[in-house]
Amino acid sequence: MSGPLVLAIETSCDETGIALVEGGRAVHANVVASQVALHAPAGGIVPEVAARAHLRWILPVLDEAWTAAGVGWHDVDAVAVTRGPGLAGSLLVGINVAKTLAWVHDVPLVGVNHLEGHIYAAWLKDALQDLPDPSFPLVALVVSGGHTFLAEMRDHLSYRLLGATVDDAAGEAFDKVGRLLGLPYPGGPAIQRAAEGAVARDARFPRAWLGDSFDFSFSGLKTASRRTIDARRADARLVPGEPLPEPLTAELAWGFQDSVVDVLVTKTIRAARDTGARSIVLGGGVAANAALRARLAGEAEALGVPLIVPRPGLCTDNGAMIGAAGARRFEAGERAGPDLEARPSLQLASP
Ligand code: KG4
Ligand code: ZN
């Protein structure tokens, strides 16, 4: 493996991630400090708590990554950092550390879009993952806590948005319905686990197809879930605060997940067919979902288009994915100046 060695920093949301990645592919170190336990009592991310936790953990995470990689500053070609989208206070911590490191060690700084990072995770290779590189043109489905979209790429760093959520992100829907079901935060992995134990698989939730468009909508599903959960609670004569019986939780979790997966997979396969894609890439935290991975793998195989999905630990937020995208930007000649700003609402294709 060759190519630039990039030190990459990700602090856009609730994971403090630092990685050393060579050539946009080879992961030499990838350390992630997750704040999930910190936010669990509130049932969601508290922005100021997240920013303070990044401030507390970023240097210990840097130390650990540095030690694991066994490299020195003379080996590092660039520092890459997430510049958006994300929580402003969280982004500022990573950007400030990245700027300082780049300035002190006199290495170039590169700003990376968090969303393209989720796509570029598909190029990463480490001890646990050795996938073939995606080929262009490709269709990428990114499903995370804050974003859900389908994009086409005909070359590196070139994105055409095919569709996006018009309301909630898929991960947000998982988290909200998880709460309605009385499951722990974050709802995504908890719903997956509950659904895996479902014996009855009859619960049917609506699908928002939105005609022929590649857009998504999950807020109606959330409302329908609330209505169904309330109705089932009434049927079972549960008093407020009394937890749902486990088999019922499992069946409803399964029904909700089945609806989300059905819409995501159907639209992705249609997008791949319509654009003549030579590969399909799946990324973002919800891409860790086993039901989504299995169903998309089956349908992609039937279509004859290779599906590239990073292992779950590289689907959720991490520094390595920023290193993968950062290397491409570095090789394309991009350099950020000391005026690099945090862009909380950055879009996939914005400058
Ligand atoms: O990409 P990510 O780590 O952070 C953002 O950029 O938002 O995604 C976090 C989201 C959360 O909503 C979480 O519930 C969801 O990913 N998630 C899952 C699974 N693991 C994480 N959703 C469904 N199934 C999973 N196994
Ligand atoms: Zn993310």
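**View 1. Arg311 and Asp126 pair up in this predicted model.** The two side chains form a salt bridge, with N and O 2.6 Å apart. Arg311 sits in the loop between β12 (307–308) and α10 (312–315), and Asp126 sits in strand β6 (residues 125–126), so the bridge ties together parts that are 185 residues apart in sequence. Arg311 is partly exposed, at 23% relative accessible area.

**View 2. Arg25 meets Asp133 in a salt bridge.** The N to O distance is 2.6 Å. Both partners lie in loops: Arg25 between β2 (15–22) and β3 (26–34), Asp133 between β7 (129–130) and β8 (138–143). The pair therefore ties together parts of the chain that are 108 residues apart in sequence. Arg25 is partly exposed, with 23% relative accessibility. Asp133 is also partly exposed, with a value of 30%. The structure holds 16 salt bridges by the rule used here.

**View 3. Arg207 and Asp262 belong to a network of salt bridges.** The closest N and O atoms of Arg207 and Asp262 are 2.8 Å apart. This pair links distant parts of the chain, 55 residues apart. Arg207 comes from the loop between α6 (187–196) and α7 (219–235), while Asp262 comes from helix α8 (residues 246–275). Are these two residues buried or exposed? Arg207 is buried, at 15% relative accessibility. Asp262 is buried too, at 12%. The network links Arg207, Asp258, Asp262, Arg295 and Glu299.

**View 4. Three protein residues hold the zinc ion (ligand 2).** The donors are NE2 of His114, NE2 of His118 and an OD oxygen of Asp317. They lie 2.0 to 2.1 Å from the zinc ion. Along the chain, the donors follow the spacing H-x3-H-x198-D. Both histidines come from helix α4 (residues 114–120). They are four residues apart, about one turn of that helix. An α-helix has 3.6 residues a turn, so residues three or four places apart point the same way. His114 is buried, at 6% relative accessibility. His118 is buried as well, at 1%.

**View 5. Domain 1 and domain 2 share a contact.** Domain 1 is built from two stretches, 5–131 and 313–331, and domain 2 covers 138–309. The contact takes 20 residues from domain 1 and 22 residues from domain 2. Together the domains bury about 1,800 Å² between them. Of that area, 74% is on carbon and sulfur atoms. How many salt bridges are there between domain 1 and domain 2? The count is zero. The domain centres, taken over C-alpha atoms, are separated by 26 Å.

**View 6. Helix α6 is largely enclosed by the rest of the structure.** Seven of its 10 residues are buried. They are Gly187, Gly188, Ala190, Ile191, Gln192, Ala194 and Ala195. Which elements cover them? The cover includes α5 (170–180), α8 and α9 (290–303).

**View 7. Thr249 is a buried residue of helix α8.** Its relative accessible area is 8%. Leaving aside neighbours within four places in sequence, Thr249 is in contact with three leucines. These are Leu181, Leu183 and Leu244.

**View 8. Cys13 and Cys315 stay unpaired.** Why is there no bond between these two residues? The sulfur of Cys13 is 16 Å from that of Cys315, its closest cysteine sulfur, which is too far for a bond. The cut-off for a disulfide is 2.5 Å between sulfur atoms. Seen from Cys315, the closest cysteine sulfur is likewise in Cys13. The two sites also differ in accessibility: Cys13 is partly exposed at 22%, whereas Cys315 is buried at 1%. A search of the whole structure finds zero disulfides.

Methods
Residues are numbered from 1 along each chain as its sequence is written. Chains are lettered from A and ligands numbered from 1 in the order in which they are written. This is a predicted model: local features need pLDDT of at least 70, side-chain atom pairs count only at pLDDT 80 or more; totals for chains, interfaces and linings use all residues. Side-chain values use heavy atoms; hydrogens and water are left out. Buried means under 20% relative accessible area, exposed over 50%, partly exposed in between (1.4 Å probe, protein chains only). Donors are N, O and S atoms within 2.8 Å of the metal (3.2 Å for Na, K and Ca); water is not among the atoms, so sites may look incomplete. Helices (H or I, at least four residues) and strands (E, at least two) are DSSP runs, numbered from the N terminus. Domain bounds come from an automatic or database domain assignment. Contact means heavy atoms within 4.5 Å. Buried area is the accessible area (1.4 Å probe) that two parts lose on being put together, summed over both. A salt bridge is a side-chain nitrogen of Lys or Arg within 4 Å of a carboxyl oxygen of Asp or Glu.
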